Amino acid sequence: MKHSILKVALVVSSALSAAGMALANTSDAEELKMFSEAQIDIQQALLIGMDGTDGKVSSIEFESEDGKAVYEVVAVAPDGSLSEIVIDANDGTIIERGPYVDDDD
């Protein structure tokens, strides 16, 4: 139990650091505003993303998708396949769950 809490704390710490760096480099003031007004924080989104996932969360990112504030969680299953969970940053509902597709290009 102690190791699980430590692992979750490490993942949350890494995710918060990554989110902070991503937001610091963005020129999109609206996305920053959406992030500051989001009702669900990144720790809650991480827990939502982990629930129902049989693998491990490899990344979590805040984004504006079609004008909506969301967290995108990428999980790795035991077989190595990747899945993506899109979570509404204002109410915590899962908007989408499916195979991960790298659309950052």
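Phe-62 counts as buried in this predicted model because its relative accessibility is 6%, where buried denotes a relative accessible area under 20%, exposed one over 50% and partly exposed the range in between, evaluated with a 1.4 Å probe on protein chains only. Phe-35, by contrast, is partly exposed, with a relative accessible area of 26%. As this is a predicted model, local features are reported only at pLDDT of at least 70 and side-chain atom pairs only at pLDDT 80 or more, while totals for chains, interfaces and linings use all residues. Residues are numbered from 1 along each chain as its sequence is written, and side-chain values use heavy atoms, with hydrogens and water left out.

A search of the whole structure for aromatic pairs returns 2; rings of Phe, Tyr and Trp (its six-membered ring) are paired if their centres lie within 6.5 Å, and planes under 30 degrees apart count as stacked, over 60 as edge-to-face and the rest as tilted. The ring centres of Phe-35 and Phe-62 lie 5.0 Å apart with their planes at 75 degrees, so this pair is edge-to-face. Because Phe-35 belongs to helix α2 (residues 29–37) and Phe-62 to strand β1, the pair ties together parts that are 27 residues apart in sequence. Phe-62 and Tyr-71 also form an edge-to-face pair, with 5.4 Å from centre to centre and 75 degrees between the planes, and both of these residues are buried. Ring pairs thus link Phe-35, Phe-62 and Tyr-71 into a cluster.

The protein chain contains 3 helices and 4 strands, which follow one another from the N terminus as α-α-α-β-β-β-β; helices (H or I, at least four residues) and strands (E, at least two) are DSSP runs, numbered from the N terminus. The 4 strands form an open sheet in the order β1-β2-β3-β4, with antiparallel pairing, two strands being paired if DSSP finds at least two bridges between them. At the edges stand β1 and β4 (94–99), each with a single partner strand, so one side of each is left without a neighbour in the sheet. On average, neighbouring strands of this sheet are turned by 15 degrees against each other, direction ignored. The antiparallel pairing of β3 and β4 extends over 5 bridges, and Ser-83 has Pro-99 of β4 as its bridge partner.

Two helices pack on this sheet: α2 touches β1 and β2, its direction making about 120 degrees with that of β1, whereas α3 touches β1, β2, β3 and β4, at about 125 degrees to the direction of β1. Contact here means heavy atoms within 4.5 Å, and axes are lines fitted to C-alpha atoms, for helices over the stretch in contact, with angles from 0 to 180 degrees between N-to-C directions.

The largest nonpolar core, a set of buried Ala, Val, Leu, Ile, Met, Phe, Trp, Tyr and Cys residues joined through side-chain atoms within 4.5 Å, has 16 residues, of which Ala-45, Ile-60, Phe-62, Tyr-71, Val-73, Ile-87 and Ala-89 touch the most other members. At least two residues of this core come from each of α3 (42–50), β1 (56–65), β2 (68–76) and β3 (82–88), and β2 gives the most, with 4 residues. With residues up to four places away in sequence not counted, the contacts of Val-73 include Ala-45, Gly-49, Ile-60, Ile-85 and Ile-87. Of the 105 residues of the protein chain, 31% count as buried.
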